[in-house]
Amino acid sequence: SRQWDFSSQVVYCVFATVGMELFHGKIQFFPANSNAPHALECGNPALKDSLFARGKYCKNNFNNFASSFIVLMELTVVNQWHDILSLLPLTPIILFANGFANVTVQPAKLYFIAFHIVMVIIIVNIFVSFILEAFFVEYSLEKSEVETAIEQKIQELGMGVQE
């Protein structure tokens with residue numbers, strides 16, 4: 001568990017730092033009653049009529065470490081995945097990636113794809129496998145005498161699955 005905590009914190013810190021370097025100040029949050037120019041576009045005219053601005057994701061930015069962690073956590077838990085992910089070529093692949101790519105450059109999407117691969121696909125799966133392994137080890141150590149006797153009888157009859 002400590003290994004999981006350390007490795008996930010390192011990944012979050014690295015991606016948060018890189019995200020702040022790439023996207024700091026590109027997206028701003030303004031209160032609903034703000035009269036600031038481009039307040040409806042998250043402070044950036046490049047987001048005019050975008051799904052990012054219409055979805056009110058302006059608070060999701062990389063302007064500070066806390067906001068960066070929130071964005072990364074939302075990406076880890078695959079927030080709004082049913083709205084964000086689409087396999088059609090004419091629609092956005094990832095809402096966050098498109099929002100930040102619109103205010104920087106299109107290859108910025110690679111940052112979000114890399115985070116998804118590293119954090120969601122690799123590290124979270126390793127964490128889940130550790131939990132399952134611990135469960136199976138604990139389960140196999142705490143078998144009752146009845147369960148052990150039943151398993152022996154099944155093996156004697158040749159009906160069991162060989163490990």
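Helices are DSSP runs of H or I with at least four residues, strands are DSSP runs of E with at least two, and both are numbered from the N terminus.

**Figure 1. The protein chain has seven helices and zero strands.** The model shown here is predicted. Read along the sequence, the elements of the protein chain follow the pattern α-α-α-α-α-α-α. The protein chain has 163 residues, and 29% of them count as buried. Its accessible surface comes to about 11,000 Å². Carbon and sulfur atoms account for 64% of that surface. Among contacts in the protein chain with a separation of 6 or more, 63% are between residues 24 or more positions apart.

**Figure 2. The largest nonpolar core has 27 residues.** Within this core, the residues with the most contacts are F52, F62, L72, F100, F112 and F115. Five elements are named as giving two or more residues to the core: α1 (2-23), α2 (51-54), α3 (65-76), α5 (95-103) and α6. Helix α6 covers residues 109-141.

**Figure 3. F112 is among the residues with the most contacts inside the largest nonpolar core.** With neighbours within four places in sequence left aside, which residues is F112 in contact with? They are F23, F62, L75, F96, A97 and F100. Two of these partners, F62 and F100, are also listed with F112 among the residues that have the most contacts inside the core.

**Figure 4. A disulfide joins C42 to C58.** The structure holds one disulfide. The distance from S to S is 1.9 Å. Where in the chain do the two cysteines lie? C42 is in the loop between α1 and α2, whereas C58 is in the loop between α2 and α3, so the pair ties together parts that are 16 residues apart in sequence. The torsion about the S-S bond is about -70°, and the disulfide is therefore left-handed. Both C42 and C58 are buried.

**Figure 5. C42 has a positive phi value.** This view stays with one end of the disulfide, in the loop between α1 and α2. Phi of C42 is near 60°, and C42 is a residue other than glycine. Is C42 buried or exposed? C42 counts as buried because its relative accessibility is 0%, and buried means under 20%. Another cysteine, C13, counts as partly exposed, because its relative accessibility is 33%.

**Figure 6. L22 of helix α1 is in contact with T104 and Y111.** These contacts leave aside the neighbours of L22 within four places in sequence. L22 is partly exposed, with a relative accessible area of 41%. The C-alpha atoms of L22 and F100 are 9.2 Å apart in space, while the two residues are 78 residues apart in sequence.

**Figure 7. T104 touches L22, F23 and K26.** Residues up to four places away in sequence are not counted here. T104 is found in the loop between α5 and α6. How far is the C-alpha atom of T104 from that of K26? The separation is 7.7 Å, for two residues 78 residues apart along the chain. T104 is partly exposed, because its relative accessible area is 27%, and the partly exposed class runs between the buried limit of 20% and the exposed limit of 50%.

**Figure 8. A nonpolar surface patch of about 640 Å² includes I126.** Which residues make this patch? They are L110, I113, I117, I121, I122, I126 and F130. I126 is found in helix α6, residues 109-141. I126 is partly exposed, because its relative accessible area is 40%. Helix α6 is also one of the elements that give two or more residues to the largest nonpolar core.

Technical notes:
Residues are numbered from 1 along each chain as its sequence is written. This is a predicted model: local features need pLDDT of at least 70, side-chain atom pairs count only at pLDDT 80 or more; totals for chains, interfaces and linings use all residues. Side-chain values use heavy atoms; hydrogens and water are left out. Patches are made of residues with over 30% relative accessible area and no salt bridge: like charges are joined within 9 Å, nonpolar side chains (Val, Leu, Ile, Met, Phe, Trp, Tyr) within 5 Å. Accessible areas come from the Shrake-Rupley method with a 1.4 Å probe; for residues, only the protein chains shown count as cover. A salt bridge is a side-chain nitrogen of Lys or Arg within 4 Å of a carboxyl oxygen of Asp or Glu. Buried means under 20% relative accessible area, exposed over 50%, partly exposed in between (1.4 Å probe, protein chains only). A nonpolar core is a set of buried Ala, Val, Leu, Ile, Met, Phe, Trp, Tyr and Cys residues joined through side-chain atoms within 4.5 Å. Contact means heavy atoms within 4.5 Å. A disulfide is a pair of cysteine sulfur atoms within 2.5 Å.
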